[in-house]
Amino acid sequence: MSFSPALAHRQRILASIAGGASTAAPGAAPMPTEGPVATEYQQLLMALGEDLRKLQAIQSVERKIEAKRGMISAYLPWVEGALAGDGGAQDEIVVTLLIWAIDIADWPLALSLARYVLAHRLALPERYSRKPATLIVEEVAEAGLAKDPAIDLDTLQQFAVLTADADVFDQVRAKLVKAIGLALKAGAETFDATADSAPAGGKPALVEAALAHFRRALALDAKCGVKKLIEALEREQKKLAEPQTPETRP
């Protein structure tokens with residue numbers, strides 16, 4: 001697909017007015033079916049379909065992610081316009097880029113698109129079996145549960161707040177709560193009291209917060225794998241509560 005600053009500007013303008021008509025029906029407003037908006041949208045859908053076929057031909061997950069990094073820029077002007085216009089039309093380009101943004105760990109974009117999709121009740125393409133909130137919570141959680149997490153604590157917490165009222169399976173919610181607990185635990189393990197960013201309450205506060213999240217995850221899903229984490233942190237909590245003498249002070 002040809003790409004130029006003029007085309008990008010045109011796409012931003014058209015996307016910003018795509019959902020201008022209000023609707024009282026449940027769900028997102030329909031995308032226009034005729035006129036300049038519809039024409040540009042259909043052309044982008046054709047390009048997206050071709051990119052999706054290319055992705056299906058790639059077996060490696062890592063290579064798929066790298067391919068998405070290269071593909072996503074072609075659709076950014078459209079989604080930027082959609083976000084700016086805040087019209088809320090049912091838009092397969094917007095919801096697909098939400099998923100791609102999560103996949104490539106572009107968290108500012110993913111957060112913006114997640115807010116938009118949830119606020120306007122956009123549906124995912126038919127190829128996805130999960131509802132938007134469930135997909136967002138689970139995919140973000142998986143990024144935090146990875147051996148080398150691809151997301152930081154603050155971003156995990158922002159997604160938790162964003163999806164707090166969403167109806168998702170308890171087992172899925174438990175994953176996100178556990179991921180936040182692990183991030184808090186990692187913060188406790190690397191705690192530096194002299195750092196400007198050191199939280200109030202110090203290491204004991206981080207340990208307590210991690211414990212609270214692990215206990216909440218356990219309440220949501222007894223098989224979420226936090227029991228040993230809870231036991232270890234409870235032991236750490238007791239050590240931190242013991243009086244520090246010159247002989248025992250680290």
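**Reading pockets, helices and burial**

Modeller: Let's start with a list: Leu-52, Leu-55, Gln-56, Lys-64, Lys-68, Ile-99, Trp-100, Asp-103, Arg-127 and Tyr-128 line the largest pocket. Bear in mind that this is a predicted model, where local features need pLDDT of at least 70, side-chain atom pairs count only at pLDDT 80 or more, and totals for chains, interfaces and linings use all residues. Residues are numbered from 1 along each chain as its sequence is written, and side-chain values use heavy atoms, with hydrogens and water left out.

Biologist: What is a pocket, as opposed to a cavity?

Modeller: Both are sets of points on a 1 Å grid over the protein atoms alone: in a cavity a 1.4 Å probe fits but cannot get out, while a pocket is an open set with protein on both sides within 12 Å along at least five of seven lines; lining residues have an atom within 4 Å of a point. Points are joined across faces, edges and corners, and the volume is the space filled by probe spheres set on them. Here, the largest pocket holds about 220 Å³ of space. Helices α2 (36-56), α3 and α5 (92-103) each bring at least two residues to its lining.

Biologist: How many of those lining residues are charged?

Modeller: The classes go like this: Ala, Val, Leu, Ile, Met, Phe, Trp, Tyr, Cys and Pro are nonpolar, Asp, Glu, Lys and Arg are charged, and the others, Gly among them, are polar. By that count, the pocket lining has four charged, five nonpolar and one polar.

Biologist: Take Lys-68 from the lining. Is Lys-68 buried or exposed?

Modeller: Buried means under 20% relative accessible area, exposed over 50%, and partly exposed in between (1.4 Å probe, protein chains only). Lys-68 counts as buried because its relative accessibility is 12%. You'll find Lys-68 in helix α3 (residues 61-71). Setting aside neighbours within four places in sequence, Lys-68 is in contact (heavy atoms within 4.5 Å) with Leu-55, Trp-100, Asp-103 and Ile-104. Of these, Leu-55, Trp-100 and Asp-103 also appear in the pocket lining.

Biologist: And how many cavities of 30 Å³ or more turn up?

Modeller: Searching the whole structure gives one. About 30 Å³ of space lies in the largest cavity, and the residues around it include Ala-15, Met-31, Ala-82, Asp-91 and Tyr-116. Its lining splits into six nonpolar, three polar and one charged.

Biologist: Ala-82 sits in that cavity lining. Which residues of α4 are buried?

Modeller: In helix α4 (residues 76-85), they are Pro-77, Trp-78, Val-79, Gly-81 and Ala-82. They pack against α1 (5-16), α2, α5 and α6 (107-119). After α4 comes Asp-86, with a positive phi near 55 degrees.

Biologist: How many helices and strands are there?

Modeller: Helices (H or I, at least four residues) and strands (E, at least two) are DSSP runs, numbered from the N terminus. This protein has eleven helices and zero strands. Buried residues make up 39% of its 250 residues.

Biologist: How do I check the length of a helix such as α10?

Modeller: Multiply 1.5 Å by one less than the number of residues to get the expected span. The 19 residues of helix α10 (residues 202-220) should therefore span 27 Å, and the end C-alpha atoms are 28 Å apart, which agrees. Its buried residues, including Leu-206, Val-207, Ala-210 and Phe-214, pack against α9 and α11.

Biologist: Why is Leu-184 called buried?

Modeller: Because its relative accessible area is 6%. Leu-184 lies in helix α9 (residues 170-189), and its contacts beyond four places in sequence are Leu-153, Leu-206, Ala-209, Ala-210 and His-213. Lys-185, also placed in helix α9, is buried too, at 19%. Its contacts beyond four places are Ala-210, Phe-214, Leu-229 and Leu-233. In sequence, Lys-185 and Val-207 are 22 residues apart, but C-alpha to C-alpha they are 6.2 Å apart.

Biologist: What is the mean pLDDT of the protein?

Modeller: pLDDT is the predictor's confidence in each residue, from 0 to 100. The mean is 91, and 89% of residues reach 70 or more. Over residues 21-25, though, pLDDT is below 50, and this stretch has three contacts beyond near neighbours in sequence. Among the elements, helix α11 (residues 227-241) has the lowest mean (93) and helix α8 (residues 153-162) the highest (98).
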